[in-house]
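Here are my notes on the model, set out as numbered points for a colleague who has not seen it before. Please read them beside the sequence and the structure.

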Amino acid sequence: MAQEIELKLAMADAGWRAFSRHPLLREAIAPPHTQTLRNLYFDTPDLALRRQRVALRLRRAGRRWLQTVKCASASRAGLSSRPEWEQPFSGHFDFSAIDDPALRTELETLRDRGVLVTVFDTTFERREWRFRAGGGELLLMADRGHIIAGERRETISELELELAGAPVDTLLDFAARLAATLPLRAESRSKAQRGYDLMTDAVLEPVRAGRSPIDPEGSAADAFRAVALDCIAHYQANEHGALHSDAPEFIHQMRVALRRLRSALRVFAPALPEGSADDLAQHLRALAGELGELRDRDVLQSELVAPLLGTTATPELNELAHTLHAIRSEVRERVIRALQDGRQARLMIALLDVLHRLDERQDAPTLAALAKKRLARAHTRMVAAARLARSGDIAALHALRIDVKRLRYALEFNLPLLHANRARRALETLAAAQEQLGFINDLSQAGPRLLAAAGSDPARLAAVAQIAAHHMPRYRKIVDEAPKLLKRLERMPRPR
């Protein structure tokens with residue numbers, strides 16, 4: 001059994017010309033080897049192998065056919081490691097070389113029952129370069145072609161970096177050099193996963209954050225690794241939907257994932273290599289900025305304007321909504337470009353580098369000590385912000401909203417270490433506060449955008465006033481209840 005370790009990077013079509021001239025390619029041991037590969041993927045009609053996260057593939061390269069079996073990969077921001085068994089194919093499936101008895105028995109049973117059939121195939125041209133690196137070799141493969149499932153087709157446009165005796169840090173260094181100038185995006189889905197999704201015409205659904213993955217018995221470094229990978233998995237689980245669907249929730253969940261990762265950097269900074277938290281925060285800001293603008297536009301349209309539309313809407317309100325929709329479409333196009341222009345790949349590669357170096361810091365506190373200190377600090381900041389917000393100043397309320405959110409994320413990360421009932425009550429209070437403060441923030445963000453879309457047209461300005469009047473009762477209710485909310489936040493017990 002071989003252990004395949006690779007990093008997969010999706011390439012925007014516009015990047016191939018720049019890639020062909022990239023100076024890194026001149027460092028290869030020899031000219032690239034080019035071949036056309038056809039791959040047939042097999043499964044049962046009810047997709048039994050897919051349920052077990054096993055891929056069975058026949059690959060034709062020239063006149064040779066190879067049989068490959070791959071198991072589920074541990075994918076981290078595009079970097080994957082998976083067990084693999086590969087051998088020549090002689091006309092019938094032979095699983096005798098698989099050293100996992102349960103897997104071998106399962107595959108042999110399916111073969112003997114005659115239920116293995118082709119479910120989809122891929123055809124692509126591969127150019128492969130070999131590099132000397134770290135006492136071993138590293139492979140760079142450029143794949144361009146298609147995945148085909150019946151009448152459905154999807155483009156393959158990606159680079160793969162694979163270790164062949166070289167250490168992981170050389171792979172990350174090569175990837176960083178490529179991502180510095182090319183429109184790349186770390187791709188967490190294998191060709192097999194993409195093929196299955198295409199074949200089944202999988203419905204894209206937004207994915208929300210799950211429970212804290214922290215092990216209370218682990219170290220602070222282990223906790224950060226688990227949380228960071230969970231945040232990235234959350235982001236990537238929604239990325240495909242954001243690229244191929246106009247549903248606002250995908251972008252919202254990606255933004256939540258990045259905010260959670262930024263909070264994780266703040267919480268676990270003492271356990272990270274020196275300076276890495278600040279470096280990663282810069283990459284996060286570069287990617288999150290565009291998402292924030294689109295999310296604000298989505299909230300404006302779906303939550304503030306849409307409730308007034310319908311049979312009773314005035315022509316001026318409909319015109320204003322049409323203008324806002326056009327502006328939102330332009331913002332979305334800009335965001336889609338930003339998601340594929342290299343920013344995401346640079347963040348993922350930088351994060352993988354930090355995770356690879358996590359154990360270097362010897363002065364890191366224990367997980368329990370770090371959680372206690374960081375939660376106390378976040379709680380103190382939130383209470384101070386609640387006191388400052390008594391003035392009712394919009395800027396102070398916005399600052400409080402941010403501190404409420406940071407304390408909430410810190411609590412969610414460290415939930416396995418805390419008294420469950422107390423933490424749950426605190427989270428309920430913080431979630432309610434975040435919702436109310438968020439509505440005030442949404443209105444404050446919407447005002448300038450509505451006025452800009454209305455221009456100097458009196459009828460459109462009247463439509464803006466109509467929108468404001470519609471939401472005023474809820475706004476007044478929140479403002480009236482703000483003193484009680486602030487008092488609850490000020491008196492919230494310190495998490496333990």
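**Notes on helix packing**

1. Helix 9 and helix 13 are roughly perpendicular to each other (a class that covers angles of 65 to 115 degrees), because their axes, which come within 10 Å, cross at roughly 110 degrees. Here axes are lines fitted to C-alpha atoms, for helices over the stretch in contact, with angles running from 0 to 180 degrees between N-to-C directions. Helix 9 spans residues 315-339, and in this pair L320, T323, L324 and I327 of helix 9 meet R449, L450, A453 and A454 of helix 13 (contact means heavy atoms within 4.5 Å). Sorted by class, these residues are 6 nonpolar, 1 polar and 1 charged, where Ala, Val, Leu, Ile, Met, Phe, Trp, Tyr, Cys and Pro count as nonpolar, Asp, Glu, Lys and Arg as charged, and the others, Gly among them, as polar.

2. The model is predicted, so local features need pLDDT of at least 70 and side-chain atom pairs count only at pLDDT 80 or more, while totals for chains, interfaces and linings use all residues. Residues are numbered from 1 along each chain as its sequence is written, and side-chain values use heavy atoms, with hydrogens and water left out.

3. The protein has 14 helices and 10 strands (DSSP runs numbered from the N terminus: H or I of at least four residues for helices, E of at least two for strands). Its C-alpha atoms fill a box of roughly 75 × 60 × 50 Å along the principal axes. Of its 496 residues, 50% are buried (under 20% relative accessible area, 1.4 Å probe, protein chains only).

4. Helix 12, residues 394-413, reaches 29 Å from its first C-alpha to its last, close to the 28 Å expected for its 20 residues at 1.5 Å a residue (1.5 Å times one less than the number of residues). At its start, a side-chain oxygen of D393 lies within 3.1 Å of the backbone nitrogen of A395. Buried residues of helix 12 include L400, D403, V404, L407 and L411, and among the elements covering the buried residues of this helix are helix 6 (220-244), helix 11 (367-388) and helix 14 (458-490).

5. How do helix 7 and helix 12 cross? Their axes come within 9 Å and cross at roughly 80 degrees, and therefore the two helices are roughly perpendicular to each other. The residues of this contact divide into 7 nonpolar, 1 polar and 5 charged; among them are V256, R259 and F268 in helix 7 and K405, Y409 and F413 in helix 12.

Notes:
Polar contact = N/O pair within 3.5 Å; in protein donor to acceptor, adjacent residues only side chain to side chain. Parallel < 35°, antiparallel > 145°, perpendicular 65-115°, else oblique.
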